[in-house]
Amino acid sequence: MKGIFTKRNLKTLACVVGSSALMALAMHIFMGESFLLPAGFMGVSTIIHMLGLQSGINLPTYVILMCINFPVALFCAKNISKRFVFFSLLQIVLLSLFLNLIPLYPIFDQPILNVVFGGCVYGFSTALALRGGASTGGTDFIALYVSNKTGKEIWMGVFAFNCFLLALFGFLFGWENAGYSIIFQYISTHMITTFHNRYKRVMMQIFTKTPSKVVEDYLKRFTHGITVLEGTGGYTGESTAMLISVTSSYELPDAIELIRKSDPNAIINVTKTSEFIGKFDQPKL
């Protein structure tokens, strides 16, 4: 039981619950009023549901969504992690539950307001799940699988897939709502790339007079390499070491906290890394 109710699992559970609740709110408050098509597999499920209704077949959207997600989830369970897939599927189940509990309650009459605010809330809900170590399923599974293999984000590729999906939606059900939906998806994708920084890398330059202690503490917590350069302070003339390490933006706050505890007088300079070539260990999902 202790292995289940860990701080990490409880954090992921809280993010999943919050993500599914926010996504349900976005769909019922903003998306429903403007007839916006959801992204990814949810959008695919919605189109299949609508085509089924035209043919006299009423397939519930959540049933279609689970059927599409299940084979992808099995694949990702082998190639990413069972924990990640479990919480992602839990997010989908909770989303279905919240959609049944939360009533339709439109706030705005103007479509553009629904597009802007809905895109922000929907995108943040997806980023929240990703930040907690889960996802909203569907294309998130694929995006995280590719990112884990290559170390690069493909959210704009996901956006391109959504644009194709929305073009199909416009062809079948009308172009105006499809146009609004494309803007909606662009905003939500931008929110994801803004708040989900797992695959963005930064370089830390750490100036310290106790390099051995800082390196020892750092390597106990992180699996990234760290290089020690010996030098002399130009102002004090005292021996000073510069430690260099590349880490992910996702881990940066924890790394800074650890270094400051190890040496309260350490000076840390953080710079963005536009490209990193070589082996880089990603934290497990």
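Ala, Val, Leu, Ile, Met, Phe, Trp, Tyr, Cys and Pro count as nonpolar, Asp, Glu, Lys and Arg as charged, and the others as polar. In this predicted model, the lining of the second largest pocket holds 15 nonpolar residues, seven polar ones and no charged ones. The space in this pocket comes to about 570 Å³. Its lining is made of 22 residues. Met 27, His 28, Thr 46, Thr 61 and Leu 99 lie nearest the centre. Four helices each supply at least two lining residues: H1 (7-34), H2 (40-54), H3 (61-79) and H4 (82-101). H4 gives the largest share, five residues.

Further along the chain, four strands form an open sheet. Their order is S2-S3-S1-S4, and the pairing is antiparallel. Strands S2 (227-232) and S4 (267-272) are the edges, each pairing on one side only. On average, neighbouring strands are turned by 20 degrees against each other, direction ignored. Strand S1 (residues 201-208) is joined to S4 by six bridges. Within this pair, Ile 206 has Ile 268 of S4 as its bridge partner. Helix H9 packs on the sheet and touches S1, S2 and S3 (239-248). The direction of H9 makes about 15 degrees with that of S3.

H9 (residues 211-221) also meets helix H10 (residues 252-262). Their axes come within 9 Å and cross at roughly 145 degrees. The crossing is right-handed. On the H9 side, the contact is made by Lys 213, Val 214, Asp 217, Tyr 218 and Arg 221. H10 contributes Asp 254, Ala 255, Leu 258, Ile 259 and Ser 262. By class, this contact has five nonpolar, one polar and four charged residues.

Methods:
Residues are numbered from 1 along each chain as its sequence is written. This is a predicted model: local features need pLDDT of at least 70, side-chain atom pairs count only at pLDDT 80 or more; totals for chains, interfaces and linings use all residues. Side-chain values use heavy atoms; hydrogens and water are left out. On a 1 Å grid over the protein atoms alone, a cavity is a set of points where a 1.4 Å probe fits but cannot get out, and a pocket is an open set with protein on both sides within 12 Å along at least five of seven lines; lining residues have an atom within 4 Å of a point. Grid points are joined across faces, edges and corners, and a volume is the space filled by probe spheres set on the points. Axes are lines fitted to C-alpha atoms, for helices over the stretch in contact, and angles run from 0 to 180 degrees between N-to-C directions. A crossing is left-handed if the near helix is turned anticlockwise from the far one by less than a right angle, and right-handed if clockwise. Contact means heavy atoms within 4.5 Å. Two strands pair if DSSP finds at least two bridges between them.
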